[in-house]
There are 2 protein chains.
Amino acid sequence: MPLIVQKYGGSSLATSDHIRRVAGTIAATKREGHQVVVVVSAMRGETDRLIALAAELNSDTPARELDALLATGEQASAALMAMALASLGLRARSYAGLQLPLRTDANHTRARIIDLPTGVLRRDLDQNIIPVVAGFQGVNGNGDITTLGRGGSDTTAVALAAALQADVCEIYTDVDGVYTADPNICPSARHLSKVTYEEMLEMSGLGAKVLQIRSVELAQKYRVPLLVKSSYGSDKCTWIVEEAESMESAVVSGITLDRGVAKLSVIHVPDRPGIAYQILAPLAEAQINVDMVIQNASIEGYTDFTFTLSKEDLPKARPLLDQVAEEIGAREIRADDSIAKVSAIGIGVKNHPGVAARMFKALADENINIQMISTSEIRISCIIESKYGELAVRVLHDAFDLQQR
Amino acid sequence: MPLIVQKYGGSSLATSDHIRRVAGTIAATKREGHQVVVVVSAMRGETDRLIALAAELNSDTPARELDALLATGEQASAALMAMALASLGLRARSYAGLQLPLRTDANHTRARIIDLPTGVLRRDLDQNIIPVVAGFQGVNGNGDITTLGRGGSDTTAVALAAALQADVCEIYTDVDGVYTADPNICPSARHLSKVTYEEMLEMSGLGAKVLQIRSVELAQKYRVPLLVKSSYGSDKCTWIVEEAESMESAVVSGITLDRGVAKLSVIHVPDRPGIAYQILAPLAEAQINVDMVIQNASIEGYTDFTFTLSKEDLPKARPLLDQVAEEIGAREIRADDSIAKVSAIGIGVKNHPGVAARMFKALADENINIQMISTSEIRISCIIESKYGELAVRVLHDAFDLQQR
C-alpha cells in the first residue's frame, strides 16, 4: 500500500473549521487506498502569541525554555487533528517529538535531526491508525525539548518520509507550488509543475519562502519526492524531484528577489595579506554568515572591502566591525541596507554560458546598476539598489522568456 | 537546606504580569535560604480555551488526545515561569510530565501517579537550579500523555514533595486558606490557621474547592505538611497537618455546602433480598458513584429505594435506572436535582455524641426539613431542599459557635 507523508502548515490550521477541512483531505487520501502519516505545524498565530508572551517575561529568552514553550503549539494542533480525524471515524494518534522520540543535536531553536525511530509509527500504520506528528520539535541527548527553526515542520515531514521510505512527501501550504517569479511582483509569472532539488535549494535560500531549505536538502539526500500543494483545493502543484531527461528545457526556471540582505564596506584598508581574515573572523565567531565578498583592486597600498550579510545580522555585525576597523587602521565602515539581491536560477545555467551576459544586459537596458555579482552552478545573483527590485524581477522574467504562454 | 515545593494555580498565572509577580515570590523564597521546586498549572483560561477547541472538533473527544492537548497548557506556563525566573537572574529549568517522567496508570483524564523519579530534580537542586514542573500531567506505560484530573497540579505538587521529602508543600491559590464556611454565604466565617488532613478530606469532598481531594490523601499518606496560601499577598494561610495535641479544640471546624448532588428514588419496588444490588450494580458498572442510600421500611411487600449521586451523573444514571425499574417491577423513578448537602465537619465529632442532635435541632428550628442523613467519624451530613442551602450554613455556623471572635 503506498505510503504518503502529508504536512500541513499553520495557515491550513488557522481555526477548527480549517482543521476539519484538512481532516477531510486526509480521510480522502485514506479512502484512495494510501497509508498516511500526518505532520502538523502550530495553528496560525499560535507561535507568534507564545513568542510575544515570552518577550513580555524576558527580553533575552533562554533558548531551552523558548523551545519548550513553542513546541506546545504543534503538540496542541496534533492532538486537535487526531480528534478531528476521530470524529470522521478514523483511528488516529498524536505524537509530540518527545514521544517518537525524534532525536536532535543540542542546538536549541535550530536543532538538527540525528535519529528518528519509526517503531511506534510502523505499529500504528500496521493497525490502520493514522499517526499525527507534531512538527518542528525534537529532543536532545539531555532530554530537553528542541526545535528545528522556522519552517521546521517541513523538515520533520521529509525526515519522516525518508525514515519510513514513503512514496511521497506532500507539503500543504497556502500557495499551490513554485512559480517562475513571485506573482505579486510579476503578474505574468508562470506556475512550475516540476523543479529539481538543486533549483529549489537555490530558490529557498533566496527568499522564495515555499519550503524550509533544510527540508529540501534532506529530500535531496534521501531522494524523497516532494510535492507542494495548496490546502485550499487548487489543482496545481509542484513536484520537487531529481533532474530528469523529461525536465522542461528552459535555461532559467525562475527569478527570485531577496530583500533580506545588507551590505557592509570597510573603506580604505591598508592592503596586506590576511586582511580578509581579520575582517571576517570576528563575524564568523559570532555565527554571522557572510554571503558575497568583494575586495577592490589595491590603489597605493589601500583597498576597500565589501560584503553582504543578512539584514537581521546587521545590528550585531556593525559594532564588531567598528572594532576591527580600529585594529586594522581602516578609515571607516559604511553600512547599506537599501539593497536587494535578484537571481536567475535554473539547471540550464550549467550548460548555457550566455546566461550571465543576457542578465547583465537586461538590467543595463533599464539603467539598473549592478553593485555586486555572485554565481553558483545553477544561479546568477546581482546586488542592486533595493528600489529597483520589482522592476528587475519583471525585466529578467521577460528576458528569459518565462511568461505564461 | 530546607526544601519547599511551591504550587501556583492558574489564577496566579493569568497574565505575564502575574507570572512575573510569582517569579518574585519564588526568588524571595530562594533568598531566604530555601531550595525550591515549583509546580505550575495552566494560565487562567487556557484549559477552557483548549477544551472549547476540542469540543468544536469532536463532541466525543478521544481521551488520549484530550490529555495530550490539555497537557500543553501546563507545559507552556512552566516554560514561561522558567523564563521569568531567568530574567531575575535565577537558573531554572521547565519540565513536562514526559520529561521527569512522572509515570501514571493508563486512565486518561483521571490518571493516578505510580512512579515519580527524582533524578533530574535532585541534579538541578544540587546545581542551584530551580526545577519548574508542569503540573496535572504524566505519561502512562505506553508512552501516552495522561492527566490527573481537574486540580491535578495540587497532586503533582504533593507527590513531588513526598518523593523529594520536602519540608513543606505550599499551595498558592486565589483564597488565603480554609474557612469555617464559605465567606460568600456566611459573612461571619472565620479563617482557620490549621486543619487536619481528615477534616480537609471531608471538606474537599464536599464542595470546599480549595484543594484536589487526592492531593490531600497523598499528603496524609506521606505525612507532607501542606500550606494553603493566597498568591495575592495575604498574610493568612492554613496549615493542613496531622492531628496534634495543640489543635483548636472546637467540636466542629467547619460547615460545608454541596450543591452538586441529586437524588433518585425507585418507587414501589417489590421488597425481596438482593433488590439493592439489582438497582445499584448497573450504576457501579457505569462508574457512577452513589453516596447516601435509604431503603424505607417495607409496607405490604413493597418499599421505596432512594439514593444520592453527583448531579453530573444524573443524565447517565436516569436511563439505566428506567431499565432496572422495568426489570424489577418498580412503579416509577423519581429524580430530584433541587437538593443540597449541608455538612458539619470536625475531628471533635468523634468524641462529642451530641453533635448530630445539635445539628438536627438547629435545622428544625428554622423549619428546614432533613430528607436524608449520613455520617462519618468526623462528619454529619444532611440532604435538604436546595433553596435552604445558604440559610442552613449560617444557622449551623451559629449553632456551633464558629463565628469570628
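Me: In β22(B), which residue is the bridge partner of Ser343(B)?

Reply: That's Ser381(B). Keep in mind that what we're looking at is a predicted model.

Me: What makes β20(B) and β22(B) count as paired strands?

Reply: The bar is at least two bridges, and 7 bridges join β20(B) to β22(B). The cut-off is met, so the two strands pair. As for direction, β20(B) and β22(B) run antiparallel.

Me: How many bridges join β21(B) to strand β22 of chain B?

Reply: There are 5 of them, and with at least two required, β21(B) and β22(B) therefore pair as well. Residues 379-385 make up β22(B), and here too the strands run antiparallel. If you want to look at the residues, Ser376(B) faces Arg379(B) of β22(B), and Ile373(B) sits opposite Cys382(B). β21(B) and β22(B) form a hairpin, with 2 residues between them.

Me: What is the order of the 4 strands in the open sheet of chain B?

Reply: Reading across, the order is β15-β20-β22-β21, with antiparallel pairing.

Me: Why are β15 and β21 of chain B called edge strands?

Reply: Each of the two, β15 (254-258) and β21 (372-376), pairs on one side only. Going from one strand to the next, the twist averages 20°.

Me: What do the angles say about the helices lying across β20, β21 and β22 of chain B?

Reply: The scale runs from 0 to 180 degrees between N-to-C directions. Helix α6 of chain B runs at about 170° to β20(B), so their directions are almost opposite. Besides β20 (339-345), α6 (residues 197-204) lies across β15, β21 and β22 of chain B. Helix α10 (residues 355-365) of chain B runs at about 20° to β22(B), so that angle is at the low end of the scale.

Me: Why is α6(B) called mostly covered?

Reply: Count its buried residues: 8 of 8 qualify. Each of them, Tyr197(B) and Met203(B) among them, is buried, which means 20 or more other C-beta atoms within 10 Å.

Me: How do you know whether β22(B) is enclosed by the rest of the structure or not?

Reply: Same kind of count: 6 of the 7 residues of β22(B) are buried, so the strand is largely enclosed.

Me: And what makes Ala276(A) partly exposed?

Reply: Ala276(A) has 15 other C-beta atoms within 10 Å. Buried needs 20 or more and exposed needs 12 or fewer, so a count of 15 falls in between. Ala276(A) belongs to helix α8 (residues 275-285) of chain A. Setting aside neighbours within four places in sequence, its contacts are Gln295(A) and Phe305(A).

Me: Why is chain A called as compact as a globular protein of its length?

Reply: First, the inventory: chain A has 11 helices and 22 strands. Its radius of gyration is 23 Å, and the globule rule gives 22 Å for 405 residues, so the two values are close and the label fits. The C-alpha trace spans about 80 × 55 × 30 Å along its principal axes, and 47% of the residues of chain A count as buried.

Me: How many residues from each chain take part in the contact between chain B and chain A?

Reply: Chain B gives 30 residues and chain A gives 30 residues. On the chain B side, the elements giving two or more residues are α1 (16-31), α2 (46-57), α3 (63-87) and β3 (92-95). The largest share, 14 residues, comes from α3(B). By class, that side has 16 nonpolar, 9 polar and 5 charged residues.

Me: What rotation and shift superpose chain B on chain A?

Reply: A rotation of 180° does it, with 0.0 Å of shift along the axis and an RMSD of 0.1 Å. The two copies are thus related as by a two-fold rotation axis. In chain B, Thr72(B) has the C-alpha nearest that axis, 2.6 Å away.

Me: What makes the contact surface the same for both copies?

Reply: Of the contact residues of chain B, 100% recur in chain A.

Conventions:
Residues are numbered from 1 along each chain as its sequence is written. Chains are lettered from A and ligands numbered from 1 in the order in which they are written. This is a predicted model: local features need pLDDT of at least 70, side-chain atom pairs count only at pLDDT 80 or more; totals for chains, interfaces and linings use all residues. Two residues are in contact if their C-beta atoms, placed from the backbone, lie within 7 Å. Ala, Val, Leu, Ile, Met, Phe, Trp, Tyr, Cys and Pro count as nonpolar, Asp, Glu, Lys and Arg as charged, and the others, Gly among them, as polar. Copies are superposed by least squares on the C-alpha atoms of residues with pLDDT of at least 70 in both. The radius of gyration is taken over C-alpha atoms; the globule rule is 2.2 Å times the number of residues to the power 0.38.
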